[in-house]
Amino acid sequence: MIDAPPEQVWAVLADGWTYSDWVVGTVHVRDVDDDWPRVGSELHHRAGPWPLSLEDSSTVLGCEPPHRLTIRAGLWPAGEAIVAFTLEPLGDGATRVRIGEDFAAGPLRWVRNKLNDLVLHQRNKETLNRLADIATRQKADE
């Protein structure tokens, strides 16, 4: 749960330049299409520690403001994942945010096991904590 309304959380999702601030593993955003997060738009990023970081891009597959954003996150040669962010309003001005993530292509798709699921769960938990920090800070700044 994030103590901010869906529109405020959505504002963070819709600002592609913030992704390296809250998406665990993304270390740098290189460029963001002007029409992000419209379907088909891209966010170009670098992930992983230097000097092993990989450059790739993520593409919007679905956009339903302020309720759902689905992207194809690339991290080749490791593969790509389909990531869905779902925002559900709660009666007290808060938002329940869910992340659904599944490897869609590449070697990571074939390395599914309980350890990987645990690591992914912890990563997404931290991602949500960071997203909450930014969304609630922006709410306080208003």
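Select S58 in β3 and A73 in β4: in this predicted model, A73 is the bridge partner of S58. Extend the selection to the whole of strand β3, residues 54-64, and to β4, residues 68-75. These two strands run antiparallel and are joined by six bridges. Follow the chain from β3 into β4, and the connection proves to be a hairpin of three residues.

Keep β4 on display and add β5, residues 79-89. β4 and β5 likewise form an antiparallel pair, here with eight bridges. To inspect one of the paired positions, select R68, whose bridge partner in β5 is T86.

The next stop is F85. Which residues does F85 contact, apart from its neighbours within four places in sequence? Displaying its surroundings shows L13, W22, H67, R68, L69, I71, R98 and I99. R68 therefore appears twice on this tour, as the bridge partner of T86 and, with contact taken as heavy atoms within 4.5 Å, as a contact of F85.

From F85, widen the view to the largest nonpolar core, which has 26 residues. Within this core, F85 is one of the four residues that touch the most other members, together with L13, Y19 and W22. Colour the elements that give two or more residues to the core: the helices α1 (6-13), α2 (19-22) and α3 (114-141), and the strands β1 (26-32), β4 (68-75), β5 (79-89) and β6 (95-105). In soluble globular proteins, nonpolar side chains tend to be buried together.

Now move to D33, in the loop between β1 and β2 (42-47). Is D33 buried, partly exposed or exposed? D33 counts as partly exposed because its relative accessibility is 26%, and that class lies between the limits of 20% and 50%. Leaving aside neighbours within four places in sequence, D33 is in contact with S41, E42 and H44. Draw a distance from the D33 side chain to the backbone nitrogen of E42, and the value is 2.8 Å. A second distance, C-alpha to C-alpha, places D33 and L43 6.3 Å apart, although they are 10 residues apart in sequence.

Finally, show the entire chain, with its three helices and six strands. Read along the sequence, the pattern is α-α-β-β-β-β-β-β-α. Colouring by accessibility shows that buried residues make up 39% of the 142 residues. A surface display covers about 7,900 Å² exposed by the chain, of which carbon and sulfur atoms supply 54%. Among contacts with a separation of 6 or more, 37% are between residues 24 or more positions apart.

Conventions: Residues numbered from 1 in each chain as written. Predicted model: local features only at pLDDT ≥ 70, side-chain atom pairs only at ≥ 80, totals over all residues. Heavy atoms only, no water. Core = buried A, V, L, I, M, F, W, Y, C linked by side-chain atoms within 4.5 Å. Buried < 20%, exposed > 50% of the residue type's maximum accessible area, 1.4 Å probe, protein only. Helix = DSSP H or I, 4+ residues; strand = E, 2+ residues; numbered from the N terminus. Pairing = 2+ DSSP bridges. Polar contact = N/O pair within 3.5 Å; in protein donor to acceptor, adjacent residues only side chain to side chain. Areas by Shrake-Rupley, 256 points an atom, 1.4 Å probe, with all protein chains shown as cover.
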